[in-house]
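Good morning, colleagues. Please look at the structure on the screen while I describe one of its sheets.

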Amino acid sequence: MSKVSMGSPSIKGPTFRISGHETFPCRYAWLPKVVRGLRENPKLFSDEADAMVTLGVGKNMVRSIRFWSQATGMATVLPKGAGHANTKAGGLLLGERGLDPFLEDIRTLWLIHWNLSTNIENPLLAWDYLLNRWHEPELVPSVVLKMLQKEAQKREGEFSMVTIEEHFDTFLHTYTPTRSHKGGVQEDNLDCPLVELEFLIKVGERELERSSGKREIIYGFRREEKAEITPELFLFCLNDFWQKRHHVESTLTLREVAHGHSSPGQIFKLPEDDIRARVETLARQTNGVMKYSETASQQHIQKHGALDNIALLNSIYGGD
């Protein structure tokens, strides 16, 4: 996986990824195909020529598929050059007899969005910055690019503005459909499946430069209650957030769950009132392992014991 190191001796932080996707957003068939391919051959990506034949794509797309299979948490690199393997979640979701082997369930798409957005060691720059630290109501591309460039410069490293532009463009096309010249969705549907989430929407446009005649589309996140994020899905993500970001803590504030870095509230853009309504049912949902309590000065969630993420993943589809 291609990475751009932006670490600096003076500024500690993660190593952001801004390349490796080869400017292709993830496509519908890619993740199911790679999960099945790796089950048969852990060294699927070791020989690009063979991978091109197996996956039926060109060299750049092979690299892109490898990138997205890891970024979405469906595959992982094996030690000592042994190749790649499906993660437990990848096999459970997209295996031949998986819970959703053809990405037909919108809950799986929200899970993929969650995985893309919550990596700690090598977060995707646009995802990490825009979901957690972009507080404007709208995303204006020309403004966003300047802020992403500034963020990259904080962490030093070798990069180009072109690479950042391509990275942001890939972010946009992960969530917004490609349109033909006539305005309809392209028939061959090269869109990313996450387009179905309608998570990022077009809210207007503006002139790019005065009297230039050039215009740019303005975007905004869909910030509302989302019924398709079911209680079981929310619980899985809350537990995952707790394990990744606060594993030594037994108590989290409501504010941290709603507004903390890589929290369910931030990654899904849920209103705080909706978060409160969801956590109020945790005691019943978890048999008391998690419990919400509220005082005049504090609202928080307590955790007594542990929950297994694979069991929680299964429970998302348990009623189907």
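I shall take the strand order, then the edges, and then the pairings in turn.

Please bear in mind that this is a predicted model. The sheet in question is open and has three strands, in the order E5-E7-E6, with antiparallel pairing. At its edges stand strand E5, residues 251-253, and strand E6, residues 290-294. Each of these has a single partner strand, so one side of each is left without a neighbour in the sheet. On average, and with direction ignored, neighbouring strands of this sheet are turned by 25 degrees against each other.

Let me begin the pairings with E5. Strand E7 comprises residues 299-303, and three bridges join E5 to this strand, the two running antiparallel. Which residue in E7 is the bridge partner of Leu 252? That partner is Ile 301. Thr 251, for its part, stands opposite Gln 302 in E7.

I turn now to the other pairing. E6 and E7 are paired over five bridges, again in the antiparallel sense. Here Ser 293 is found opposite His 300 in E7. How many residues make up the hairpin that joins E6 to E7? The connection runs through four residues.

To recapitulate, E7 is joined to E5 by three bridges and pairs with E6 over five, while E5 and E6 stand at the edges of the sheet. Thank you for your attention.

Conventions. Residues numbered from 1 in each chain as written. Predicted model: local features only at pLDDT ≥ 70, side-chain atom pairs only at ≥ 80, totals over all residues. Heavy atoms only, no water. Pairing = 2+ DSSP bridges. Axes fitted to C-alpha atoms, helices over the stretch in contact; angles between N-to-C directions.
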